[in-house]
Amino acid sequence: MVERIKILVVGCGNMGASHAKAYHEMDEFEIVGLVSRGSSKDALNVMLGADYRCFDDYKTALSVTQADAVCISTYPDTHEEYALLAFEHGAHVFIEKPLADTVLGAKRVVEAAVRSNKKLVVGYILRHHPSWLRFVEEGKKMGTPLVFRMNLNQQSQGYMWDVHRNLMKSLSPIVDCGVHYIDVMCQMTAAAPVSVYAIGARLTEDIPADNYNYGQLQIRFDDGSVGWYEAGWGPMMSQTAFFVKDVIGPKGSVSIVAKEASKDGQSDSVEAHTKTESIRVHYADLDADNNFVKADEWVDLTDEPDHQELCNREQRFFLNAILNNVDLTKSMEDAVNSLQIALACDESARTGYVVQLF
């Protein structure tokens with residue numbers, strides 16, 4: 001029998017609980033500890049029907065458990081420190097996005113992974129969703145330049161508003177969420193981003209004075225492609241247009257249409273964030289009378305994993321990377337790149353100036 005991978009789960013909230021559930025149900029992993037500052041680790045044990053060892057202190061947990069791998073799902077301002085400590089202890093790392101809260105920090109984490117010859121997988125969940133992979137594939141067929149239109153506004157309340165307020169102690173919505181969609185844009189075009197501009201608004205006094213809970217960013221690429229992304233968190237956010245996912249090119253457009261996910265009350269649901277339901281492909285070809293030659297196509301994929309299954313797939317990817325020594329160089333570079341763009345957008349929103357990238 002192959003020896004199980006001892007995994008330490010750090011951060012037991014939304015994403016940490018989902019990843020822990022994946023490990024709990026996978027024979028290849030053995031959870032050797034749950035780490036959190038509060039009671040979420042105890043609640044997670046109850047949810048899993050388990051009795052995993054609980055720790056309040058991460059460093060202690062690392063030393064005591066001698067874990068082979070660490071899953072980091074804490075707040076972003078701890079990511080760099082926790083990842084570096086894991087590599088120092090000889091552990092592989094799965095870490096939720098963003099990789100760090102600074103570009104230099106993200107580069108230090110990647111360098112530590114390479115230096116220690118350990119695997120580093122960043123939780124870009126959309127990279128494991130069949131429909132989003134198809135969205136990227138179809139978008140690439142639409143020619144150059146491309147126009148990206150994406151958003152995710154969340155009318156959060158209750159527990160999710162607590163989560164969002166805590167996140168905004170270290171990052172803005174266009175950084176925390178934006179890295180996902182910037183990554184999608186960069187997958188669709190081989191072009192390099194050259195400049196960004198962003199705006200932000202602080203719509204509540206219930207967050208730090210130096211942050212904002214609504215933001216919109218714009219990116220220019222060196223092939224003429226442009227993209228915008230919008231993100232807002234809070235009880236004041238509108239439900240009207242929280243889910244826009246479009247790419248437009250000379251040859252047509254591709255749109256994710258989430259009919260059910262767009263209903264009232266869904267914008268702060270983690271299921272709604274990844275749900276696709278249908279992909280609409282539109283072709284721009286015209287005949288001699290300027291009428292469309294080809295009808296729009298609807299792609300309804302049967303493989304529509306829910307949020308937990310996506311986390312399961314992320315962890316199967318992590319497992320495969322460890323067992324088969326998968327080269328993760330490109331994915332690590334992409335994680336740093338999307339964070340660099342997102343943080344440049346955040347700088348623009350705070351200063352009011354265009355930020356040149358390359």
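Is Lys 330 buried or exposed? Select Lys 330 and look: this residue is exposed, with a relative accessible area of 53%. The cut-off for calling a residue exposed is over 50%, so Lys 330 makes the grade. Keep in mind as you click around that this is a predicted model.

**Stop 1: helix H12**

Stay with Lys 330 and add Asp 334 to the selection. Their side chains meet in a salt bridge, 2.9 Å from N to O. Both residues belong to helix H12 (residues 329-351), where they sit four residues apart, about one turn of the helix. Asp 334 counts as buried, at 16% relative accessibility, whereas its partner Lys 330 is exposed. Now add Arg 127 and Asp 183: together with Lys 330 and Asp 334, they form one network, joined by salt bridges that share partners. The structure holds 19 salt bridges, and two more come up later on this tour.

**Stop 2: the N-terminal annotation**

Next, colour residues 5-124. An unreviewed UniProt entry annotates this span as "domain: Gfo/Idh/MocA-like oxidoreductase N-terminal". In the model, the span is 44% helix and 23% strand, and its end C-alpha atoms lie 22 Å apart.

**Stop 3: helix H1**

Zoom in on helix H1, residues 14-25. Try putting a distance between its end C-alpha atoms: they are 17 Å apart. Twelve residues at 1.5 Å each should span 16 Å, so the two values agree.

Which residues of H1 are buried? Select Gly 16, Ala 17, Ser 18, His 19, Ala 20, Ala 22 and Tyr 23. To see what covers them, show the surrounding elements, which include strands S1 (5-10), S2 (29-35), S4 (69-72) and S5 (92-96). Helices H2 (40-48) and H11 (307-323) are also part of that cover.

H1 has a salt bridge of its own. Pick Lys 21 and Glu 25, whose closest N and O atoms are 2.8 Å apart. Like the H12 pair, these two are four residues apart, about one turn of their helix. Lys 21 is partly exposed at 28% relative accessible area, and Glu 25 is partly exposed too, at 46%.

**Stop 4: a bridge between two helices**

Now select Glu 80 and Arg 108. Here the side chains meet in a salt bridge of 2.6 Å, N to O. Glu 80 lies in helix H4 (residues 79-88) and Arg 108 in helix H5 (residues 103-116), so this pair ties together parts that are 28 residues apart in sequence. Glu 80 is buried, with a relative accessible area of 16%, while Arg 108 is partly exposed at 39%.

**Stop 5: Pro 305**

Where is Pro 305? Look in the loop between strand S14 (297-299) and H11. Pro 305 has 8% relative accessibility; the cut-off for buried is under 20%, so it counts as buried. Setting aside its neighbours within four places in sequence, Pro 305 is in contact with His 129, Pro 130, Leu 310 and Arg 313. For a longer view, draw a line from Pro 305 to Thr 189: the two are 116 residues apart in sequence and 26 Å apart in space, C-alpha to C-alpha.

**Last stop: a nonpolar patch**

Finish on the surface by selecting Tyr 197, Ile 199 and Val 354. These residues make a nonpolar surface patch of about 250 Å². Tyr 197 is found in strand S8 (residues 193-201) and is partly exposed, with a relative accessible area of 33%.

How values were computed
Residues are numbered from 1 along each chain as its sequence is written. This is a predicted model: local features need pLDDT of at least 70, side-chain atom pairs count only at pLDDT 80 or more; totals for chains, interfaces and linings use all residues. Side-chain values use heavy atoms; hydrogens and water are left out. Patches are made of residues with over 30% relative accessible area and no salt bridge: like charges are joined within 9 Å, nonpolar side chains (Val, Leu, Ile, Met, Phe, Trp, Tyr) within 5 Å. Accessible areas come from the Shrake-Rupley method with a 1.4 Å probe; for residues, only the protein chains shown count as cover. A salt bridge is a side-chain nitrogen of Lys or Arg within 4 Å of a carboxyl oxygen of Asp or Glu. Buried means under 20% relative accessible area, exposed over 50%, partly exposed in between (1.4 Å probe, protein chains only). The expected span of a helix is 1.5 Å times one less than its number of residues. Contact means heavy atoms within 4.5 Å. UniProt positions are given in the numbering used here, feature names are shortened, and annotations may be inferred rather than shown by experiment.
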